[in-house]
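Please look over the sequence and the model below before reading on. The text after them explains some of the contacts that can be found there.

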Amino acid sequence: MNASPEQPHAPRVVLGVSGGIAAYKACELLRRLTESGHRVTVVPTAAALHFVGEATWAALSGRPAATETWASVHEVPHVRIGQQADLVVVAPATADLMAKAAHGLADDLLTNTLLTARCPVVFAPAMHTEMWEHPATQENVATLRRRGAIVLEPAVGRLTGVDTGKGRLPEPSAIFEACRRVLARGTQERDLAGRHVVVSAGGTREPLDPVRFLGNRSSGKQGYALAATAAARGARVTLLSANAELPDPAGVDVVRVSTALQLREAALKAAVDADVVVMAAAVADFRPAEYATGKIKKVDGVEPAPVALVRNPDILAELSAHRARPGQLVVGFAAETDDVLAHGRAKLARKGCDLLVVNEVGDGLAFGLDTNAAVVLAADGAEVPVPHGPKEALADTVWDQVVTRLRAADAL
Ligand code: CTP
């Protein structure tokens, strides 16, 4: 990443650090924030300073860390820091810190800052699995989210010591991305708050034998961009990830699947209470009729047997035909190599979904790239072209179309 100098109108970010071993990872988040031109004031709690000292925060942010409520009282920093911020991000956010924030306690500079901040607030929790799952923590998280704070889902993996589970601090790169999106969109745009969205991503693999499969070239990037942008817009997101080798987007519940049949089962289950289901995964239309439990061996002088295929169920068509709840929106994707719009319109009608995002694929187009161009076709006749740009931009256009229709349905 190139260091970019701090601009006079650069967004002011407060990085709150509470007392957990993951505090050291906040250094990497701080570096990303400063190198991308944000003005960052670090507010570590007294406990955080046991893990990473004041000098490190000052050196990395280029300004003194704010630690004391009672320092420079005439400048009222306990009020100013929060009031002047464009974004407050707390990483790591311990169970204790979130409990204080949920109850409006203000016994140190960070909790004072949280109480005076009127900007978006992002919490990146890190704690032991038991603490995260405890009803007290879950209720505090729900309270914070209800009030508009963004509480990222902790990652799953190795925790302090030998234990593993849910509770790991999301990767600094994922927290940074969440912050960047929140800053770009502002506070008004949490237009998916209170909605549950399900997104499938990646490409299914249909096994032939224990070492071989029929697959496709989908990277999962578009589906992951849809999941990340929906989370940034306030949705509860379930991401059904089929063989994508991408980091989990922050704040998203990731369910891993591999085959079309597994994806179908996971999609039907997740769709039960979903407001929106987006099928961005490339689902294999066929699977081998037979699965060889042992590796298929070549035999000299013998021609290989042809591979017999059977049809996979069409998950998008099934979700569209049997909506799990009234008003549920179903969105499909179509990858076409030629006659893109005509094929797209026919597919929209055939699948019975509400929106179909049609993009052109082929050599050097869409697959594995970070950019995409498409047309969003709607069953109600709308047609929204999306110029070539980042997959996040296409994702936001899809959510704009979804939000318009959800709101229209709410108004009925
Ligand atoms: N899809 C699905 N289940 C399948 C195949 C596709 O849910 N068995 C979904 C994809 O997730 C995507 C949409 O259907 O949202 C379009 O997939 P595509 O493969 O382009 O459509 P097909 O019906 O297979 O059309 P064709 O092969 O004729 O292009």
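What follows deals with salt bridges and then with a pair of helices.

The model is predicted, and the values given here are computed from it. Side chains of opposite charge can pair when their charged atoms come close. In this structure there are 24 salt bridges, and a few of them are described here.

A good place to start is helix H1, which covers residues 23-35. Here Glu28 forms a salt bridge with Arg31, and the closest N and O atoms of the two are 3.2 Å apart. Both residues belong to H1 and are separated by three residues, about one turn of the helix. Glu28 also meets the side chain of Arg32 in a salt bridge, with an N to O distance of 3.0 Å. That partner, too, lies in H1, four residues from Glu28 and again about one turn of the helix away. These contacts belong to a network of salt bridges that links Glu28, Arg31, Arg32 and Glu35.

How accessible are Glu28 and Arg31? The relative accessible area of Glu28 is 26%, so this residue is partly exposed. For Arg31 the value is 30%, so Arg31 is partly exposed as well. The cut-offs behind these labels are under 20% for buried and over 50% for exposed, with partly exposed in between.

Another salt bridge joins the side chains of Glu318 and Arg264, at 2.8 Å from N to O. Because Glu318 lies in helix H12 (residues 315-321) and Arg264 in helix H11 (residues 260-271), the pair ties together parts that are 54 residues apart in sequence. Glu318 is partly exposed, having a relative accessible area of 22%, and Arg264 counts as partly exposed at 28%.

The next topic is how two helices meet. Helix H10 (residues 221-232) and helix H14 (residues 391-411) have axes that come within 8 Å and cross at roughly 60 degrees. Angles from 65 to 115 degrees would count as roughly perpendicular and those under 35 as roughly parallel, so H10 and H14 are oblique to each other. The crossing of H10 past H14 is right-handed.

Which residues make the contact? On the H10 side they are Lys221, Gln222, Ala225, Leu226, Thr229 and Ala230. H14 contributes Lys391, Glu392, Leu394, Ala395, Asp396, Val398 and Trp399. By type, the residues of this contact between H10 and H14 comprise seven nonpolar, two polar and four charged.

Technical notes:
Residues numbered from 1 in each chain as written. Predicted model: local features only at pLDDT ≥ 70, side-chain atom pairs only at ≥ 80, totals over all residues. Heavy atoms only, no water. Salt bridge = Lys/Arg side-chain N within 4 Å of Asp/Glu carboxyl O. Buried < 20%, exposed > 50% of the residue type's maximum accessible area, 1.4 Å probe, protein only. Axes fitted to C-alpha atoms, helices over the stretch in contact; angles between N-to-C directions. Parallel < 35°, antiparallel > 145°, perpendicular 65-115°, else oblique. Left-handed = near helix turned anticlockwise from the far one by under 90°. Contact = heavy atoms within 4.5 Å. Nonpolar A, V, L, I, M, F, W, Y, C, P; charged D, E, K, R; others polar.
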